[in-house]
Each structure stands twice: as C-alpha cells, then as structure tokens.
Amino acid sequence: MGATEPQWVLMATGRSPTNIAVIKYWGKRDEALILPVNDSISVTLDPDHLSATTTVAASPSFPSDRMWLNGKEIALSGGRFQSCLREIRKRARDVEDEKKGIKIKKEDWEKLHVHIASYNNFPTAAGLASSAAGLACLVFTLGKLMNVNEDYGELSSIARQGSGSACRSIYGGFVKWCMGKNDDGSDSMAVQLVDESHWDDLVIIIAVVSSKQKETSSTSGMRDTVETSPLLQYRAQTVVPSRILKMEDAIKNRDFESFARLTCADSNQFHAVCLDTSPPIFYMNDTSHRIISLVEKWNHSEGTPQVAYTFDAGPNAVLIARNRKTATLLLQRLLYTFPPQENDLDSYMLGDKSILSDAGLQSIADVEALPAPPEMKAPNQKFKGDVSYFICSRPGAGPKVLTDESHALIDSATGLAKGV
C-alpha cells in the first residue's frame with residue numbers, strides 16, 4: 001500500500017429498511033452504549049417504500065473519512081458514527097478483488113479511510129425512523145465492504161451503538177430488541193420473531209402529518225424522561241414485560257384483535273410518558289389526535305379492531321390494517337376527512353399506489369364523492385391540507401446488497417458522492 005502503487009476505489013452498496021415499533025423503546029439505562037430500559041418489538045417496512053441506500057468506498061487516496069447524507073456533506077465526527085466504524089474495522093478481514101487487482105490485509109483496514117454516501121427515500125428526522133434505516137444500512141454495508149463474518153445478531157449489536165432502533169432494521173418481518181442484562185451491552189441485540197411472509201395480510205398506511213424536523217430530538221427527549229418521569233419507571237418495570245409476551249403471542253398466532261389493542265395502548269402510553277416528562281414533550285398534534293379519534297370510532301362501531309395506530313416521536317400516524325379490504329375502507333375514511341390540498345391524487349399517495357384503485361379512488365372527483373363514514377357524528381368536518389401525503393406499505397425484508405453498479409451513490413472514478 002505504498003504511495004507508488006496505483007490508486008483504486010473499492011465500493012459496496014446496500015439497502016436497509018426502516019421499522020416501526022409496536023412496543024416502544026423510550027429511555028436508556030446507558031447513554032454511551034445505547035442500552036434501553038425495556039425490550040421493544042417492531043415491524044420492518046417494505047424497503048421498496050421506506051429505506052436507506054448506502055454506498056461505502058475505501059481507497060488509499062482518501063485522506064480522511066467523509067460522509068454525504070441525501071447529497072449534503074455532514075460531519076462524521078459524531079460518536080455514534082465513530083462507534084460503528086470502530087466496531088466494524090475491528091472485525092474486518094482480508095479482502096481480495098481479483099478483477100480490480102486489489103488486495104487488502106485485515107490490518108490495513110485501520111489505515112484506510114472510507115467515504116460514505118447515504119440516501120433516504122423519505123424525510124429524515126420526521127419521526128419515521130430514518131436514523132434506524134441509515135445506521136443499520138451503514139453497519140450492514142461496511143460489514144460487506146470489509147468482509148466481516150459476524151452473524152446478524154452481532155451486527156444488530158453494532159448498529160444499536162449508532163442508533164438504538166437501528167438494531168431492529170437488521171432483520172425483516174417482526175423483530176424484538178432484547179434489552180439485555182450485561183453492563184457492557186454484549187447481550188443487547190435484536191432477534192427476528194417471524195419473517196415478513198408470516199403475516200403478509202397486513203397493510204400499513206402512514207399519514208405524514210409533517211415532514212419537518214421535530215422540536216425535541218428523541219435523544220434529548222429520552223434523557224429528560226428518564227430523569228423526570230415516574231411513569232417511565234412503572235412502564236419499563238411493570239407494564240412492558242407482560243406486554244412483550246402478549247405481543248409475541250399475538251404475532252405468532254396472527255391474532256389481530258390482541259395485536260391492535262396492544263399496539264394502540266403502547267403508543268398511547270409512550271406519549272403519556274412524554275407528557276409526564278418535565279418539561280412535557282408534545283410529539284403529536286391536533287391532526288394526530290383526529291386520526292386516533294377516526295380509528296377509535298370505527299373500531300368501536302365494528303365491535304372489533306379493524307386498524308391499529310401507533311405514533312413514534314413525531315406527529316405522523318402509522319396505521320396497520322388487518323388486510324387489504326380493511327385498508328381500502330380505512331383509506332376512504334382518511335381521504336374523506338383529509339382530502340389533498342392540491343388536486344393531485346397521484347402525489348398524495350406514495351409507496352404502493354395500487355391501494356387507491358382498490359379503494360375505488362381514481363380521481364379527485366372520486367374523493368369528493370365519498371360518503372361520510374356512518375360512525376362519524378359531525379360528517380361535514382374536513383381538514384384539507386392537514387396531511388402532507390400518505391405512504392402505503394407492508395411488512396418487508398431486511399437489508400440486502402445492491403450489486404448493480406447503477407445503484408451506487410459514489411462515483412468509482414473520483415470516490416466522491418455522485419452529483420457533488
């Protein structure tokens with residue numbers, strides 16, 4: 001690896017999904033290692049709809065580590081990025097690319113700098129777990145580049161040190177983050193409960209109420225809650241352990257009624273804990289509350305849950321319907337109450353757009369012709385423009401390598417992010 005050798009760039013590109021917790025993670029018992037105060041369970045979303053794509057490149061010509069997120073260069077000096085880089089470098093092995101004539105010994109990785117380019121296909125820091133997708137993708141793709149031979153459990157433990165919920169994005173389907181007992185965090189990792197094909201009837205509709213960056217970041221919010229909320233201690237020690245067991249059973253048995261009741265209750269308790277924090281944290285807004293009311297009234301009128309709702313640290317609603325037919329009925333209710341601001345239905349629904357035609361909604365005229373849902377007491381209340389757009393998704397698979405070079409976000413000739 002002397003200065004006289006020809007310069008080369010070795011790259012790998014990966015894609016990782018985001019995940020939505022149905023039993024929430026909120027509060028750390030160790031800030032540095034990101035160890036949680038309770039177990040959590042999430043569903044991984046279809047990466048075609050919500051994911052991060054990351055390209056990692058290494059070259060002896062790079063003078064320092066650099067990173068670009070969604071086309072903008074960001075500082076890589078943060079402790080969380082550094083933890084992930086350090087842990088993966090520690091586990092790197094020999095790499096040989098015969099086609100390019102590249103040979104890297106495992107001890108050389110410590111001296112090689114990396115360039116990282118990452119792109120989220122959804123808004124960053126809007127309460128859609130973009131950091132989970134991004135950090136999982138970083139760890140997964142670095143591992144591929146450096147020929148790391150760790151199992152997914154070990155990779156999830158490294159991803160956790162970048163962003164807690166990232167550990168759950170290392171798997172598809174339904175995933176449990178085991179809080180662990182050890183002080184060093186060695187047993188705090190994710191396990192897959194079932195893969196994405198186990199409960200493939202489910203349809204997930206996300207109402208993006210706001211894509212603005214949230215006022216209170218999850219990191220500082222959690223810290224305040226741990227320090228000031230007596231309700232959090234009760235939640236972590238008494239409520240969540242039994243809820244986790246019931247949720248595992250509901251998922252295993254595809255028992256939607258139990259799943260929905262647990263999901264809604266846990267979301268509401270998470271936000272109650274935020275309100276119990278001093279000063280109180282408000283992640284939901286009036287639109288969030290209207291969506292809860294819409295779902296609760298419909299579920300109540302049917303006598304059994306049709307839809308579960310859950311909100312992370314932001315105002316966006318994640319609505320899980322028991323099947324596609326129910327999802328179309330849900331969408332009709334949502335579009336009746338929250339018609340699009342612009343007369344453009346196509347850009348109002350992202351992800352699986354075919355749900356619109358399944359719901360009989362081909363045009364704005366179809367939306368305007370929707371009858372008021374029978375359970376609605378004040379049928380003329382409409383809130384145009386209160387939802388920015390919807391995303392239709394489903395349970396999805398875990399991370400994967402993208403071998404097609406056209407997916408790479410770094411130019412192999414310059415080693416810089418494309419378009420920079």
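Below is a chat about a predicted model, moving from its domains to its cores, helices and strands.

Trainee: Before we dig in, what kind of model is this, and what pLDDT do local features need?

Mentor: It's a predicted model, where local features need pLDDT of at least 70, side-chain atom pairs count only at pLDDT 80 or more, and totals for chains, interfaces and linings use all residues. Residues are numbered from 1 along each chain as its sequence is written, and side-chain values use heavy atoms, with hydrogens and water left out.

Trainee: Cool. How is the protein divided?

Mentor: Into domain 1 (10-197 + 402-407) and domain 2 (203-393); the bounds come from an automatic or database domain assignment. Their C-alpha centres lie 27 Å apart. Domain 1 puts 30 residues into the contact and domain 2 puts in 46 residues, with contact meaning heavy atoms within 4.5 Å.

Trainee: And the largest nonpolar core, which residues touch the most other members?

Mentor: Phe259 and Leu335, out of 71 residues in that core. Both domain 1 and domain 2 give residues to this core, so it lies between them. A nonpolar core here is a set of buried Ala, Val, Leu, Ile, Met, Phe, Trp, Tyr and Cys residues joined through side-chain atoms within 4.5 Å. Buried is under 20% relative accessible area, exposed is over 50%, and partly exposed is in between (1.4 Å probe, protein chains only).

Trainee: What does phenylalanine 259 touch?

Mentor: Leaving out residues up to four places away in sequence, its contacts are Val22, Phe174, Trp199, Met247, Ala250, Ile251, Ala308 and Ile320. Apart from that core lies another one, of 48 residues, including Ala12, Leu142, Leu155 and Tyr283.

Trainee: Ala308 and Ile320 were on that list. Which residue is the bridge partner of alanine 308 in β16?

Mentor: Isoleucine 320. Strand β15 (residues 307-310) and strand β16 (residues 317-321) run antiparallel, with four bridges joining them, and a hairpin of six residues connects the two. Strands pair if DSSP finds at least two bridges between them. Helices (H or I, at least four residues) and strands (E, at least two) are DSSP runs, numbered from the N terminus.

Trainee: Which way do the β15 residues point?

Mentor: Val307 and Tyr309 go one way, Ala308 and Thr310 the other, and all are buried.

Trainee: Switching to helices. What span should α7 have?

Mentor: At 1.5 Å a residue, the 17 residues of α7 (residues 286-302) should span 24 Å, and the end C-alpha atoms are 25 Å apart, which agrees. The expected span is 1.5 Å times one less than the number of residues.

Trainee: Which residues of α7 are buried?

Mentor: Thr287, Ser288, Ile291, Ile292, Leu294, Val295, Trp298 and Asn299. They cover an arc of only 160 degrees around the axis, which puts them on the same side of α7; the arc is that of the directions from the helix axis to the C-beta atoms. Asp286 and His300 are exposed on the other side of α7. The buried residues pack against β14 (203-208), α6, β15, β16 and α8 (324-337).

Trainee: What about α4, which residues are buried there?

Mentor: In α4 (residues 218-228), Gly221, Met222 and Thr225. Down the axis of α4 they fall within an arc of 100 degrees, so they line one face of the helix. They pack against β3 (28-30), α5 (230-252) and α6 (256-275).

Trainee: α6 keeps coming up. Is serine 267 in there buried or exposed?

Mentor: Serine 267 is found in α6 and is buried, with a relative accessible area of 0%. Not counting residues up to four places away in sequence, serine 267 touches Lys24, Tyr309, Thr310 and Phe311.

Trainee: Last topic: what's the strand order in the open sheet of six strands?

Mentor: β8-β7-β11-β6-β1-β19, with mixed pairing. β8 and β19 (400-401) stand at the edges with a single partner strand each, so one side of each is left without a neighbour in the sheet. β7 and β8 run antiparallel and are joined by three bridges, and methionine 67 stands opposite isoleucine 74 in β8.

Trainee: And what packs against the buried residues of α1?

Mentor: β7 (66-69), β8 (72-74), β11 (113-120), α2 (130-145) and α3 (152-160). Among the buried residues of α1 are Phe81, Leu85, Ile88 and Arg91.
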